[in-house]
Amino acid sequence: MADSFPLFGLHDRAGGEFLAQNNFRGWCVDEVAIGLQPRSLDYAALAAKNVRVIVQLEFGADGQGTLPPANQYGAFANAAIATIKNSKGVFAWVIGNEPNKRDNWPAAQPITPEQYGQLWNLIWFSVPKGVPVIVAPLDPYWGLGSDPREYWQRMLKAILAGGGGKRGGADGLMFHPKVRWHDKSLVRSDVTFTDPPLKGVPYHWRAWQALYDLTPNFFKNLPIYLTQCRAELKVENGESGYLDDENGLLEEMYAFEREQNVKYNNLVWALVLYRWNAGAWTLNRPSYLDALKAAASDPAMEHEEIVRPPSAPFTWPSESHVVTQPFGVNRDFYAKFALPGHEGVDIGAPQGSKIFAAYDGLIVQIDPNHRAYGYCIRHQIQLDGHTYVLVYAHGISGSAQVRQGQLVKAGDTLMQADSTGNSLGPHLHFSIVEPGAQFIDTDENGRARVWPFNILDPSPFLGI
């Protein structure tokens, strides 16, 4: 889909009403705390005035937690789903806000990346088709006592893990750019932190890019929403908020991101300024109103939005595309093998059909007679900073077209399909392991299950 809409936007419902009253097309981000009770929200009047409303659903406010304690995830998910279904005029929804920030934890209980992924998928699989849901932004300077870049990668990996044999997904990514104090030159600053855990993270506006650049490939084509855009402090080491004089800061934010959209393939859809409501960051004052009206009226704010479907990183590994047994199913059968379910994806490949390399990498083993996998090939790859080993099982004995130690490209023929090993008929069993990692997902009943032997769900990598 291609569309044209301004980057310009404001936080708070009252900010959206300012846009509507002035006939400005733009974005509005409104944070709504629902606790465990569904709400019926109505933004239809704003939508009719070409204001695109993004609602950020949270559990509580003022230290109550952006998400509830983990034992209330089910109730919160139900409330969120009902709110989404019962509301009007909302363009998209965000689940939570900065879950890596201690101030946003419920009763000082940490929100791990895996917990966010668990809650996300409870909601994701029940949201009506066509309703965009956006992944929560992180505080770019916080983590669980560590690196927000690591938190971000783990969180998206947990989302992709899905549940019940289905991969997760998302409709957009949100980030929080800011300059540390009110100085428009800092928008373009390339100064970075020099000490761990933030070493290499840009100190100012570009910090959001440090997260996005580590985003797994599956999410790289999603729309990007920049929100809570602001100066954190009036002056270096000073009070929170903006200076009384706008001094060209807002214009520079927009100018820089219009340029950066070239780098980011026109994926930045919105730049939403923080904020309209009263407080240290209110934009409702003379110097800022002039800048806002100029920005909202600037034709250069218009940009083309292009929605590109998420792409799986792997090439399909067989001539057949028929999945005969998904990941994680048939729990009772696989329990006798000390597994919580099927540990890979089965593809009904006819005998003698070609099996292909799913990614560029190194052939590390050709096993002529594995007790379960029969004739199988193991293939080591590097992807998004991780080392994985791909397993292709049940081939025709001696059919390998590669040798151990050989480098292969995605799509190269590895062997031919058969039914060797523990198999009931010709097919490809495709699985993936990550040495040193532990994969945790949920079964069809919502119970957490821990996978042994460094097994991961290959479904997200295949796009299924």
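Aspartate 244 counts as exposed, because its relative accessibility is 61% and the cut-off for that class is over 50%. The model is a predicted one, and in it aspartate 244 sits in the loop between strand S9 (224-233) and helix H7 (249-263). Apart from its neighbours within four places in sequence, aspartate 244 is in contact with Arg285, Ser287 and Tyr288, and with arginine 285 its side chain makes a polar contact of 3.3 Å. The C-alpha atom of aspartate 244 is separated by 9.9 Å from that of tryptophan 281, a residue 37 places away along the chain.

The elements on either side of this loop belong to a right-handed β-α-β unit, which is made of S9, H7 and S10. S9 and S10 run parallel and are joined by four bridges, with leucine 226 having leucine 271 in S10 as its bridge partner. Strand S10 (residues 268-273) also pairs in the parallel sense with strand S2 (residues 8-11), over three bridges, and here phenylalanine 8 stands opposite leucine 271. Strand S10 is mostly covered, since six of its six residues are buried.

Another aspartate offers a contrasting case. Aspartate 30, in strand S3 (residues 26-33), is buried yet has no salt bridge, and the nearest side chain of opposite charge, that of arginine 13, is 5.0 Å away. The side chain of aspartate 30 does, however, make a polar contact of 2.6 Å with that of tyrosine 43. Among the residues that aspartate 30 touches, not counting those up to four places away in sequence, are Asp12, Ile54 and Gln56.

The structure holds 18 salt bridges, including the three listed here.

| Positive residue | Negative residue | N to O distance |
|---|---|---|
| Lysine 178 | Glutamate 232 | 3.4 Å |
| Arginine 188 | Glutamate 259 | 2.8 Å |
| Lysine 409 | Aspartate 360 | 3.7 Å |

Aspartate 360 lies in the loop between strands S14 (354-356) and S15 (361-370), and lysine 409 in the loop between strands S18 (407-408) and S19 (413-416), so this pair ties together parts that are 49 residues apart in sequence. Aspartate 360 is partly exposed, with a relative accessible area of 35%, whereas lysine 409 counts as exposed because its relative accessibility is 53%. Lysine 178 and glutamate 232, by contrast, are both buried. In the remaining pair of the table, arginine 188 is partly exposed at 31% relative accessible area, and glutamate 259 counts as partly exposed at 41%. Salt bridges also link Glu98, Lys101 and Asp139 in a network.

Definitions and conventions: Residues numbered from 1 in each chain as written. Predicted model: local features only at pLDDT ≥ 70, side-chain atom pairs only at ≥ 80, totals over all residues. Heavy atoms only, no water. Helix = DSSP H or I, 4+ residues; strand = E, 2+ residues; numbered from the N terminus. Buried < 20%, exposed > 50% of the residue type's maximum accessible area, 1.4 Å probe, protein only. Contact = heavy atoms within 4.5 Å. Polar contact = N/O pair within 3.5 Å; in protein donor to acceptor, adjacent residues only side chain to side chain. Pairing = 2+ DSSP bridges. Right-handed = clockwise from strand over helix to strand, strands pointing away. Lys, Arg positive; Asp, Glu negative; His and termini not counted. Salt bridge = Lys/Arg side-chain N within 4 Å of Asp/Glu carboxyl O.
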